[in-house]
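Dear colleague,

I am handing over the structure below, and I would be glad if you could read it alongside the notes that follow.

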Amino acid sequence: MRRLMRFRLLFVLSFAVFPFSVRPLYSQSVNFLGSPVNFGDVNVCAPGQTTPSPCSKTLTLIYKVTAGGTLAKPKVLTMGMPYLDFTFARSSCVGTVTTGSRCSVEVTFIPKAPRLYSGAVEIVDGSGTVLATTVISGIGQVPPADFTLTLTPQSLTVSPGSGQTVNVTATALNGFTGTTTVALSALPAGVASIPNSLTLPPGATQTIMLTAGNTASAAMANVVFTGTSGSLTHNATLTLTVAAAGTSVTTYHNDNARDGWNSSETVLTPQTVNATTFGKLRDLTADGKVDAQPLYVSSLSIAGQTHNVLITVTEHGTAYAFDADGGGELWHISTLATNETTSDDHSCGQISPEIGITDTPVIDRGYGANGAVFLVAMSKDAQGLYHQRLHALDLTTGAELEGGPSEIQATYPGNGYGSSGGMQVFAPGQYAERVGLLLMNGQIYMAWTSHCDQDPYTGWLMAYSESTLQQTGVFNMTPNGPSSPHYANGEGSVWMSGAGLGGDTQGNIFFLDANGSFDATLDGNGFPAQGDFGNSFLKISTNGNKLAAADYFAAYDLQAESDADEDLGSGGAMLLPDLVDAGGTTRHLAVGAGKDTNIYVVDRDNMGKFNPSSNNSVYQEVSGALSGGVFSAPAFFANTVYYAAVGDYLKTFPVTQARLATTPAAQSANVFAFPGATPSISSNGTQNGIVWAIENQSSAGVLHAYDATNPASELYNSNQAAGIRDHFPYSKYVPPTIANGKVFVGTTSGVAIFGLLP
């Protein structure tokens, strides 16, 4: 009511001073619409002062041209004060205007003192004659007591496993004396604030720590800090970026395609890798042989400290976490149950003298609170019974996660050699889990090999739920093989010299099956009539969590090769990226090779199946491309496939228009003895590519580094340094792991770490 009375008084005073304010003068060529205009209450601010409420207010006045002519810039007048509190901001009509035009004038009110203000806006023509006037008014008020909330900095980046601080300040305005409670909202998943809220006295600054957990995914968010004091509420916004975790190698050969390529290596280059600047930094000692590829997790928070972490497992059944930079042990855990030992080697020298953890584990950094390591371990209890178990270990402590371990058991319909009552039964003692585990779509996939082809055995592929560790699928590659002859009585195991099962984005699994039963009699879809796929390149569908053969390729002479133990199963499969052929068709290809010196390129959409007279149905066969058998896996970089077969050079096969070169474009100067080598690649994008490979020299290991564009150019090998500085014992089949300026090599006693010398 008081404000209304003030306005009425102001209007009367204004009318007395400006008697033309209620109607236009001089031919009434312009009419204001909606006059007079009241700006209401606006805060009075000292020079440079800011308040939560505006220190000014701008309004738009509308007038209509009733007779055309020329208009000049409007005038804004103030009554009773020596300075302008109302200022002209903008006019939409200056110059020639036509009858009927609607024009606007923007006027800004900036009160200098707490009082009542009045003024007027005049519309004038080109000669300065006033055409129309309207009254304007407003009240300058003392700003109420209030506060502002500010953040320093206003933007922040955190990495998984680490934290950053934000300073929060509540600044008192106009005599504000209250306390301010600050709460946070819109934090991205995996990010926590310590503390969760603050209480700030006037003028105080406190610090909040924002921490990204180990499982936090890359994200960007506007985090809102809300300050509240009584009825007053103000917000401040922090732009928060959760950075992608640094380079990590969490599965065999870097990814589910198994290409062995780390494309984000910035430290190791052809210029920095040589015997003068690069070499062995240290040996990490473990309690047994390391037959699995070491894995690497960057920026992992353990006990409040951020580490780059190396995960390795041994044949003594132990899993380790080491600081990858300093070498200190972070944790270790035995997978053996009470009164158990590791398995004996079953009088087979392939995995000897003991069998514990042979497979390369798989890490899910986003699992649970801290991430998890999944692995399969073999053991033997006090009664002489063998066990195969799937373990899920907390990535930061090694503790067994809820639900684990899971005892691995399986049956599958079949009447072949070793079956009972129409079922094949998985016997834990007859098998070893050598292949690298595959994690895909929340499922963990594993496959099994024999001990030196000791019958009876068949080919097993299994799926377990990552979240429950319960079995969700079983497939047997040779369930109905007859009891003779040897290499046809079931068998068909999966070992691939320790390579990982491959997986595509459609959820299909790819691998090479070893010698075993194959039904040359095909059904109407071209599949083996009895479901036996020995010595084949297989594609397994996982639709509906059911494992089923979706496609395959088998060489026309597969039986002769199986009889001669020259099967496909010794090599690993690798999926190539999408490639466009000469006709413009996008091809989805995979590469595999075994003991017959040929490289097979299959179309993953149409693998070729079996033709008893030729291999014409396969996408491409590169016959005799290699000088020996493959007991390793290939690598891929810059449209080039790399192979290092037994008794052969490291060779490069460029891919052009979705076809593999039939002869190598380049090769290393040295030859690799048994078992050849599985190369790994490091580069910074497409630049500074290096091929890394481990050579067996009479049980001594030699780490080689080659220019990826031409392996004939060797950058380094671990025999070049004086003495035994860079020497290490050789463990077969293990590829090197490259991450963040270091190379990790599994040995018979632990892990050797190479990098730039201090």
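Which residue in the turn of the hairpin formed by S9 and S10 has a positive phi? It is glycine 128, with a phi of about 95°, and the turn belongs to a hairpin in which five residues stand between S9 and S10. Please keep in mind that this is a predicted model.

To stay with this hairpin for a moment, S9 and strand S10 (residues 130–141) run antiparallel and are joined by nine bridges, and among the paired residues are valine 124 and its partner in S10, valine 130. Strand S9 (residues 116–124) has eight of its nine residues buried, so this strand is largely enclosed by the rest of the structure.

A second piece of sheet that I looked at is an open one of four strands, which follow the order S42-S45-S46-S48 with antiparallel pairing. At its edges stand strand S42 (574–575) and strand S48 (620–622), and because each has a single partner strand, one side of each is left without a neighbour in the sheet. Within the sheet, strand S45 (residues 589–593) pairs with strand S46 (residues 599–603) in the antiparallel sense over five bridges, and here glycine 592 has tyrosine 600 of S46 as its bridge partner.

The structure also holds two disulfides. One of them is formed by cysteine 93 and cysteine 103, whose sulfur atoms are 2.0 Å apart. Cysteine 93 sits in the loop between strand S6 (86–91) and strand S7 (95–97), while cysteine 103 belongs to strand S8 (residues 102–109), so this pair ties together parts that are 10 residues apart in sequence. The torsion about the S-S bond of this pair is about -85°, which means that the disulfide is left-handed, and both cysteine 93 and cysteine 103 are buried.

The other disulfide joins cysteine 348 to cysteine 452, again with 2.0 Å from S to S, but this link is right-handed, with 80° about the S-S bond. Both of its ends lie in loops, cysteine 348 between strand S26 (343–344) and strand S27 (354–355) and cysteine 452 between strand S35 (443–447) and strand S36 (460–465), so the parts that this pair ties together are 104 residues apart in sequence. As for burial, cysteine 348 has a relative accessibility of 2% and therefore counts as buried, whereas cysteine 452 is partly exposed, with a relative accessible area of 32%.

Cysteine 452 comes up again in the pockets. The largest pocket has a volume of about 310 Å³, and of the 21 residues that line it, Gln350, Thr449, Cys452, Asp453 and Trp495 lie nearest its centre. By class, the lining of this largest pocket consists of eight nonpolar, six polar and seven charged residues.

The second largest pocket has a volume of about 260 Å³, and the closest to its centre among its 14 lining residues are Ala257, Leu575, Leu576, Pro577 and Arg604. Its lining is made up of six nonpolar, four polar and four charged residues. Leu575, one of those closest to the centre of the second largest pocket, carries a number that falls within edge strand S42 (574–575), which links this pocket to the four-stranded sheet described above.

With best wishes

Technical notes. Residues are numbered from 1 along each chain as its sequence is written. This is a predicted model: local features need pLDDT of at least 70, side-chain atom pairs count only at pLDDT 80 or more; totals for chains, interfaces and linings use all residues. Side-chain values use heavy atoms; hydrogens and water are left out. A disulfide is a pair of cysteine sulfur atoms within 2.5 Å. Helices (H or I, at least four residues) and strands (E, at least two) are DSSP runs, numbered from the N terminus. Buried means under 20% relative accessible area, exposed over 50%, partly exposed in between (1.4 Å probe, protein chains only). Two strands pair if DSSP finds at least two bridges between them. On a 1 Å grid over the protein atoms alone, a cavity is a set of points where a 1.4 Å probe fits but cannot get out, and a pocket is an open set with protein on both sides within 12 Å along at least five of seven lines; lining residues have an atom within 4 Å of a point. Grid points are joined across faces, edges and corners, and a volume is the space filled by probe spheres set on the points. Ala, Val, Leu, Ile, Met, Phe, Trp, Tyr, Cys and Pro count as nonpolar, Asp, Glu, Lys and Arg as charged, and the others, Gly among them, as polar.
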